Amino acid sequence: MPSNKILGIDLGTTNSAFAVMEGGDPEIIQNAEGARTTPSVVALTEDDERLVGKPAKNQAVQNPERTIQSIKRHMGEEGYTVDVDGEAYTPQEVSAMILQKIKRDAAEYLGDEVERAVITVPAYFSDAQRQATKDAGEIAGFDVERIINEPTAASMAYGLDDESDQTVLVYDLGGGTFDVSILDLGGGVYEVVATNGDNDLGGDDWDWAVVDHVADQFQAEHSIDLREDRQALQRLKEAAEEAKIELSNRKEATINEQFIAATDSGPLHVEQSLTRAKFESLTSDLIARTADPTRQALSDAGYDPDDIDEVILVGGSTRMPQVREQVEQLVGKEPRSSVNPDEAVAMGAAIQGGVLSGDVDDIVLLDVTPLSLGVEVKGGLFERLIEKNTTIPTEESKVFTTAQANQTSVNIRVFQGEREIAAENELLGEFMLSGIPPSPAGTPQIEVSFNIDENGIVNVSAEDKGSGNEESITIEGGAGLSDEEIEEMQEEAEKHAEEDQQRRERIEARNQAESAIQRAESLLEENEDAVDDDLRADIEASIEEVEEVLADEDASANDLETATETLSTALQEIGKQMYQQQAQQAQAGAGGGGPAGGAGAADSDDEYVDADFEETDDEE
Ligand code: AMP
C-alpha cells in the first residue's frame, strides 16, 4: 500500500531536497547517501549505468561529457536536448531521473512508496517551464498534486505558526538562480504580491569568479591557461566552490590542487590563498546584480523597504556574509535565519503537501502571474485579459466581435507581455475558431476566456455565442521564458511605454475611423430612401475625408479623430431624418412602429478587432 503522504520536493538547479510532514511538522528526508540535499546532477556512464546525485557529481571530473548539470536552466526550452552516446534526452527526462532517485530514497526512508508530490519552481517560471516540471514529475511516476513557487514555499516554512498580518521579502540565491518575492501573509493566507529575479545568477557565478582569478594568476606565472583543460577546469571549479563555502565562516581559504598541469620540466600545482576581502571584491558586481530585481519587486508590489516586516533568506548562497550585508542595506532589516536556507523550500513544499492531504488545514496559498496575458486585436494591438501580478488561480473573460462582414472564423493569438503592440510580446499560442454564421462586421459575440490554474498553467477558450461553437488551447509547449527574458520584456515595456501608448492611440483612432466608414456605408445602403440627397452628399464627402486621412500613414490620432468625429456627426443626421419621417408617417395615420428599427444609431465606441477580431465594449 503506498503512503498517503505527499512529498514536498525542491527540485533545484544545483541541489534538490525533499521533505514530508511528520507529526505535524515538516521533516527533511535524508537521501540514500545520508545527506539532506542531493546534487541535481545526472551521469550516464560508459557501462550504461545511470548515476544521480553525489555519485554523479563525484565523477564529473573524469566524465564531463557524460555528466548533466544545471538541467533546470533548460526546463521548458522547446527542442532542447542533451545528447549522450547518440541518445537525446529532454530536460524533462533528465529531471525525471533526479526525481526518480528522490522517489526511491523517500520510499526507502518512509518504508512505503510515495506517489504524490508537490514540486517547487522559481516564482518567475513561465507556463512552459511549469508544465515541463510537472511532466518531469509524472515521468518519474509521481502524481504531481501542485507546482508551487519556491519563495512561497520558503515563507510557509517560516510562517506556519504565525497568524499575524505581515509583509515578507524572500531573497533566494541558490546555485543557478536568483529570485526575490514579496508576500503578504496573514490569517493563514500566503499571497505573493510581486516577484522578480534573474535566472542566470547564482552561486555558480561566484565559483567561476574565483576560478578566473586563480586561473589568471596561474597563467601569469606559468603561461598555461588551465581553463582550456576540461579536467583541470572541473577541479578548479570544485576547489573554488569549497574555498567560497569556507570563506562564509573564515576570513581566509586556501586553494590547493596538486598536479594540475604537466610540463616538460615537471608537474605544476595550484597553491593560492584567498582572503574574504579579495573574494568579495572579485564578486562585487555579482552581488550588485541582486539589487535591481529587489527594488523592482518592491516597486511592483507598491511597497517601500519600510513596509517589509520580515526578510527571509533562501538558497545555499545566502550563507555568504556579503549577502546579508547587501540585503540589510537594501531593505534596512536584518534577515531571519531560524530555518536552514537549503531546506526551507522543501519544507514549505511538504507543508503544502500537508494542506493538500488534509494534514494541515489552516493555510491557503495564492500565487501571482509574472506578466500580463491577452490576445491580439484589430490593428495588432495587445488586449490584456489578465494583468501582471494577478493572484492565481484566476479566470477572466471578455467579449469580442468580428472586424469584417461575413467573417466566419477568427484567429485567436495569445500573448504574454507588457507592450501595447501584440507582436512585441511573446506569442504563447494561437488557434482558430470557425463556423461563425456569416453576418455583418461587429455582430457576432465571441467570448474569450482565460483560465490559469493553481499550477500557473494557462487555458484559453473562445466561444461564438451565436452558434455555440467553441475552441480552446492549453498552453504548454510554447515560449518558455527565462527570468532574464521576462525581466528584459518588462524593461523594454517601460522604456517604450510612452511611444507604445502613442502607437496604441493612433491604431485605435485608425480602427475607429475604419469602423465609422463601414458603418456609414452600410447605413447609406440600408436607408436609401430615408436619406435626402444633401445629407448623402455630405456623408460621402465626410467618408472621403476620413479615407484621405487614413491614406496618410503618418496621420496623427488627433487628425483621425477629428475626421471621424465629422463623419459621426453627419451620421447622426440620418437617425434624425429617419425619426422625422417616421413621426410624419405616424401623424399621417400609418400607425405603430418605434423609431428607426435596425439601422441602429451606430455607437461610436464600437471598436472592432484585428483583421479578424475586435474588442467590443461590453466587457464582462
Ligand atoms: P542551493 O541551490 O540553494 O542548494 O544552493 C547551492 C549553492 O549554494 C551552491 O552554489 C553552493 O556553492 C552554495 N553554498 C552552499 N553552502 C554555502 C556556504 N556555506 N557559503 C556560500 N555558498 C554556499
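This note covers a ligand site and one helix pair in a predicted model.

1. Basis. The model is predicted, so local features need pLDDT of at least 70, side-chain atom pairs count only at pLDDT 80 or more, and totals for chains, interfaces and linings use all residues. Residues are numbered from 1 along each chain as its sequence is written, and side-chain values use heavy atoms, with hydrogens and water left out.

2. Ligand shell. The ligand has 15 residues around it (a heavy atom within 4 Å). T14, E241, K244, S248 and G316 come nearest. By class, the shell holds 2 nonpolar, 9 polar and 4 charged residues. Here Ala, Val, Leu, Ile, Met, Phe, Trp, Tyr, Cys and Pro count as nonpolar, Asp, Glu, Lys and Arg as charged, and the others, Gly among them, as polar.

3. Helices at the site. α5 (203–222) and α6 (230–247) each supply at least two shell residues. α6 gives the most, with 3 residues. Helices are DSSP runs (H or I, at least four residues), numbered from the N terminus.

4. Polar contacts (N or O pairs within 3.5 Å). A polar side-chain atom of S248 lies 2.6 Å from a ligand nitrogen atom. For N15, a polar side-chain atom lies 3.1 Å from a ligand oxygen atom. S317 uses a backbone N or O atom, 3.1 Å from an oxygen atom of the ligand. Taken alone, the ligand exposes 500 Å², and the protein buries 88% of that (Shrake-Rupley, 1.4 Å probe).

5. Helix pair. The axes of α4 (residues 150–159) and α11 (residues 344–357) come within 7 Å and cross at roughly 80°. Axes are lines fitted to C-alpha atoms over the stretch in contact, with angles from 0 to 180 degrees between N-to-C directions. That makes α4 roughly perpendicular to α11 (65 to 115 degrees).

6. Helix contact (heavy atoms within 4.5 Å). E150, A153, A154, M156 and A157 in α4 meet A344, V345, M347, G348, A349, I351 and Q352 in α11. The contact residues divide into 9 nonpolar, 2 polar and 1 charged.

Terms used:
Angles under 35 degrees count as roughly parallel, over 145 as roughly antiparallel, 65 to 115 as roughly perpendicular and the rest as oblique. A polar contact is a pair of N or O atoms within 3.5 Å; within protein, one must be able to donate a hydrogen and the other to accept it, and residues adjacent in sequence count only if both atoms are side-chain atoms.
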